[in-house]
Amino acid sequence: MKKIFLLAVLAGGLAFGQSKKVVASDVHWWGYKVAKSEASSHEGTVKVKSGDMVMKGNQLVGGSFVLDMTSINSTDLTGEYQQKLNGHLKNGDFFEVEKFPTATFKITGVKKNNDKIYNSLVTGNLTVKGKTSPISFPAKISYSKGVVSLVSNKFSFDRQKFDVAYKSTMQDVFVKDDIDMLVKVTAQ
C-alpha cells in the first residue's frame, strides 16, 4: 500500500510540476511625481519574504511570491530624508504596512513572447492592501541544472487599483499613478 501511495505522489508531482524555492531576489521600484522622469522620481527596493516557481519539464508554469512590505526602502535618498520617505511609504498615505505587512503575486500563466531578450510574458494576480488585480510583464526565463531564473523587463502597474493613494485627493494629483518595477528571482 505504501508503494502505491508513493507512486501516486511521484506521478502527481510530474503531472503538476516541480516546485522550486526562491533562494535569491532583487525587486526594484520607481515612483514618480508630476512628470514621469528620473529627475522627479524616487526609487528603492522591497524584499521577497518567500516564494516558489513551478516547473513542468523546463518550462515555468506557475508560482507565487510574498513581498515583505515592511522592508520597502528608498535608495535614492540618505539620512533624515530617506527615513521620512520610508515612513511615508509605510504609513496610511501609501502601503499601510502595519495592517498589510505583505503583498503577493501569483503566476496564472506564462506564454512565449516575441522578444529576443524577454522571451516570456508572465501574467498573474498582484494583491496589495487586500486588493487583487491582474498584471502582465515581459521576462527572461531560464532553467539550467535545477535552477530557474526570472528577470523581468521594467514594467508598470497602476497603484490606484490597490488603493495605494494619499488620503487627500489634492495631494494625490502630484504623484503619478504608475509604479515601475523590475524583478529578478532565482529558485532551486
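1. Two residues are in contact when heavy atoms of the two lie within 4.5 Å of each other. The model under review is a predicted one. Asparagine 125 serves as a first example of how contacts describe a residue's surroundings. Setting aside its neighbours within four places in sequence, asparagine 125 is in contact with Thr104, Phe105, Lys106, Thr108, Thr132, Ser133 and Pro134. Asparagine 125 belongs to strand β5, and its relative accessibility of 30% makes it partly exposed. Its C-alpha atom is separated by 9.4 Å from that of serine 64, although the two residues are 61 residues apart along the chain.

2. The overall architecture comes next. The protein chain contains three helices and nine strands. Their order along the sequence is α-β-β-β-α-β-β-β-β-β-α-β. Of the 188 residues in the chain, 36% are buried. Considering the contacts between residues at least 6 apart in sequence, 56% join residues that are at least 24 apart.

3. Helix α2 deserves a point of its own. This helix spans residues 79-90 and has 12 residues. The distance from its first C-alpha to its last is 17 Å, close to the 16 Å expected at 1.5 Å a residue. Which residues of α2 are buried? They are Leu85, Asn86 and Leu89. These residues lie on the same side of α2, because they cover an arc of only 100° around the axis.

4. The two faces of α2 can now be described in turn. The cover over its buried residues includes β1 (18-32), β2 (41-56) and β3 (59-74). On the face turned away from the buried side, α2 carries the exposed residues Glu80, Gln83 and Lys84.

5. Two backbone angles should be noted. Lysine 129 is not a glycine, yet its phi is positive, at about 55°. The residue is found in the loop between β5 (120-128) and β6 (131-144). Is lysine 129 buried or exposed? With a relative accessible area of 6%, lysine 129 is buried, because the cut-off for that class is under 20%.

6. Aspartate 163 is a further residue other than glycine with a positive phi, here near 60°. Its place is the loop between β8 (155-158) and α3 (169-172). Aspartate 163 has a relative accessibility of 35% and therefore counts as partly exposed.

7. The largest pocket holds about 500 Å³ of space. It is lined by 27 residues, of which Trp29, Gly31, Leu89, Phe94 and Phe95 are the closest to its centre. Leu89 is also one of the buried residues of α2. Which elements each supply at least two residues of this lining? They are β1, β2, β3, α2, β5 and β9 (178-187). By residue class, the lining of the largest pocket divides into 20 nonpolar, three polar and four charged residues.

8. The second largest pocket holds about 200 Å³ of space. Its lining consists of Asn58, Gln59, Leu60, Val110, Lys111, Lys112, Asn119, Ser120 and Ile141. Strands β3 and β4 (102-112) each supply at least two of these residues. The largest share, three residues, comes from β4. The lining of this pocket divides into three nonpolar, four polar and two charged residues.

9. There is also enclosed space to consider. How many cavities of 30 Å³ or more does the structure hold? It holds one. The largest cavity has about 190 Å³ of space. Among the 15 residues that line this cavity, Phe65, Leu67, Phe105, Phe137 and Val183 are the closest to its centre. Phe105 also appears among the contacts of asparagine 125.

10. The lining of the largest cavity is drawn from several strands: β3, β4, β6, β8 and β9 each supply at least two residues. The strand that gives the most is β9, with three residues. In this lining, 14 residues are nonpolar, one is polar and none is charged.

How values were computed:
Residues numbered from 1 in each chain as written. Predicted model: local features only at pLDDT ≥ 70, side-chain atom pairs only at ≥ 80, totals over all residues. Heavy atoms only, no water. Helix = DSSP H or I, 4+ residues; strand = E, 2+ residues; numbered from the N terminus. Expected span 1.5 Å × (residues − 1). Buried < 20%, exposed > 50% of the residue type's maximum accessible area, 1.4 Å probe, protein only. Arc of directions from axis to C-beta. 1 Å grid on protein atoms, 1.4 Å probe; cavity = no way out; pocket = protein on both sides within 12 Å on 5 of 7 lines; lining within 4 Å. Points joined across faces, edges and corners; volume = space filled by probe spheres on them. Nonpolar A, V, L, I, M, F, W, Y, C, P; charged D, E, K, R; others polar.
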